[in-house]
Amino acid sequence: MTLEKEVMKTKVIAAIDENKDLIFNIGRKIYKNPELGYKEFETTKLVKEFFEEELGLKVVDNIAYTGCKAQINEEKSGPKIAVLGELDGIVCNDHKDSLDSGASHTCGHNIQIAGMLAVAIGLLKSGVYKELDGKIEFIATPAEEFIDMEYRSKLKEEGYIQYFGGKQELIRNGTFDDIDMAVMFHVLDTDDKKVLVGPVSNGFIGKSIRFTGREAHAGSAQHKGVNALNAAMLAINNINAQKETFEDKHKVRIHPIITKGGDIVNVVPADVRMESYTRARTMEALVDANEKVNRSLIAGAMAVGANIEVQELPGYLPILKHEEMEDILLRNLLSRGFTKDDMIEGGDFTGSFDLGDVSHMMPTLHPMFGGIKGELHSMDYEIIDEEYVYLEPAKVLAMTIIDLLFDNAKEAKNILENFTPALTKEEYLSFMDCNDRIIKKEYLVKESDN
Ligand SMILES: [Zn+2]
């Protein structure tokens with residue numbers, strides 16, 4: 001006999017409540033030992049042990065250098081839902097709980113992991129998973145924060161990874177190949193609200209830039225030099241001149257910095273470095289803005305006769321909204337006693353998340369829960385309601401999974417039938433490859449030709 005859907009939900013909520021100390025403990029433990037992306041060795045181990053010892057699951061680890069996953073209902077034929085939790089911390093030197101290295105959990109990824117494990121506890125310990133007509137995979141994903149470039153470049157050179165983002169790498173290596181839909185959450189200071197449903201975000205392309213000019217004595221022979229700093233400054237002005245060509249709705253953001261402006265003051269700068277992101281709301285707008293940035297950079301080099309090398313890195317894609325998934329979540333929030341006044345619907349982020357890449361290939365769900373205070377990644381970040389932030393997202397996501405997979409997975413199958421992915425995996429990888437490139441232009445003439 002199959003259980004009523006509402007009975008299943010009640011059982012799952014009870015199982016999460018009964019195991020709340022276990023959930024708090026793992027969340028707090030991970031909080032205390034933040035590890036940056038692709039370095040989450042201890043955190044991966046903790047999650048692996050939890051899967052094995054608390055839940056009796058078989059674990060596949062090192063799924064993308066770090067990270068691990070475990071599955072339930074392997075033998076069922078219905079759709080497969082992934083519950084994602086991010087493992088990595090972020091550098092925030094000023095936070096009171098950050099380590100000497102600056103690593104901190106001021107993006108709340110420890111809460112995501114605890115929440116993902118709480119969903120597993122709810123479905124498994126209640127026995128409800130047996131009644132569901134689909135598979136569920138819990139994936140602890142590495143490296144959501146796009147930082148620590150030198151380390152990741154080295155991993156890339158050594159062949160351990162291809163992409164800097166964890167989900168990008170998991171898409172590439174086939175971890176998402178047999179997954180039909182994915183759910184996860186972030187935390188956010190929601191002020192007097194409790195939850196944000198349906199955020200959209202920007203995509204981005206990253207780049208590091210090197211202008212090479214020619215050194216000369218800056219006082220007595222400046223006419224013999226080629227000033228790479230002038231090339232960089234022209235380039236930044238060129239970029240600023242592009243800004244009026246962007247439509248407001250595309251939310252373009254470009255924010256170059258000069259990371260090296262010269263060597264010594266009495267020598268014409270010949271080695272100047274910059275970094276920049278180009279961000280926009282759609283892939284088309286992103287490609288368009290990025291071309292303009294590249295033209296601007298090259299024009300700066302051309303004007304002074306310097307060489308330029310632009311190393312481009314494929315960043316994340318914008319998050320696409322999947323309203324049918326959000327509708328199910330909304331129903332569950334209401335049944336948990338949330339009112340419309342507790343909710344922010346449709347948040348608009350000009351930052352980026354690597355779930356954006358996944359959202360181009362399958363229906364995804366990515367609500368953001370309160371229970372914390374202060375900006376993410378900042379010294380003000382603070383968990384203010386453990387009970388809420390560790391348990392409530394897990395309850396609502398588990399309820400959503402029950403809705404999707406109940407009754408021969410009718411809801412999930414419906415959503416999948418009406419779903420057309422924005423990109424196939426092949427199209428995605430070719431977009432990534434197009435933006436994983438080095439552009440070189442040489443305008444530096446030999447001294448004797450001057
Ligand atoms: Zn994050």
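**Notes on loops, charges and cysteines**

1. Let me start with Arg-214, which sits in the loop between strand S10 (203–212) and helix H7 (228–242). Helices (H or I, at least four residues) and strands (E, at least two) are DSSP runs, numbered from the N terminus. Arg-214 counts as buried at 13% relative accessibility; buried means under 20% relative accessible area, exposed over 50%, and partly exposed in between (1.4 Å probe, protein chains only). From C-alpha to C-alpha, Arg-214 and Asn-227 are 6.7 Å apart in space, with their positions 13 residues apart in sequence.

2. A word on the model before going on. It is a predicted one, where local features need pLDDT of at least 70 and side-chain atom pairs count only at pLDDT 80 or more, while totals for chains, interfaces and linings use all residues. Residues are numbered from 1 along each chain as its sequence is written, and side-chain values use heavy atoms, with hydrogens and water left out.

3. On to salt bridges, meaning a side-chain nitrogen of Lys or Arg within 4 Å of a carboxyl oxygen of Asp or Glu. The whole structure has 36 of them. One pairs Lys-80 with Asp-178, where the closest N and O atoms are 2.8 Å apart. This pair ties together distant parts of the chain, 98 residues apart: Lys-80 is in strand S3, and Asp-178 is in the loop between helix H6 (166–172) and strand S7 (181–183). Lys-80 is buried at 3% relative accessible area, whereas Asp-178 is partly exposed at 42%.

4. Two more pairs to look at. Glu-326 and Lys-321 meet at 3.0 Å, N to O; Glu-326 is buried at 11%, and Lys-321 is partly exposed at 33%. Asp-407 and Lys-410 form a salt bridge at 3.1 Å, N to O. They are three residues apart in helix H11 (residues 386–417), so about one helical turn separates them. Asp-407 is partly exposed at 39%, while Lys-410 is exposed at 52%.

5. There is also a network of salt bridges, linking Arg-210, Lys-260, Asp-263, Asp-271 and Arg-273.

6. Have a look at the negative surface patch made by Asp-189, Asp-191, Asp-192, Glu-375 and Asp-380. Patches take residues with over 30% relative accessible area and no salt bridge, joining like charges within 9 Å and nonpolar side chains (Val, Leu, Ile, Met, Phe, Trp, Tyr) within 5 Å. Asp-189 belongs to the loop between strand S8 (186–187) and strand S9 (195–197), and is partly exposed at 34%. Asp-191 is in the loop between S8 and S9 and counts as exposed at 69%.

7. Which backbone angles deserve a second look? Most residues other than glycine have a negative phi. Asp-191 has a positive phi near 60°. Asn-73, not a glycine either, has a positive phi of about 65°. Asn-73 lies in the loop between strand S2 (66–72) and strand S3 (80–86) and is buried at 5% relative accessibility.

8. Last, how many disulfides does the structure hold? Zero, taking a disulfide as a pair of cysteine sulfur atoms within 2.5 Å. For Cys-92, the closest cysteine sulfur is in Cys-107, 11 Å away, which is too far for a bond. Cys-92 is buried at 7%, and Cys-107 is buried at 5%.

Technical notes:
Areas by Shrake-Rupley, 256 points an atom, 1.4 Å probe, with all protein chains shown as cover. Lys, Arg positive; Asp, Glu negative; His and termini not counted. Charge placed at Lys NZ, Arg CZ, Asp CG, Glu CD.
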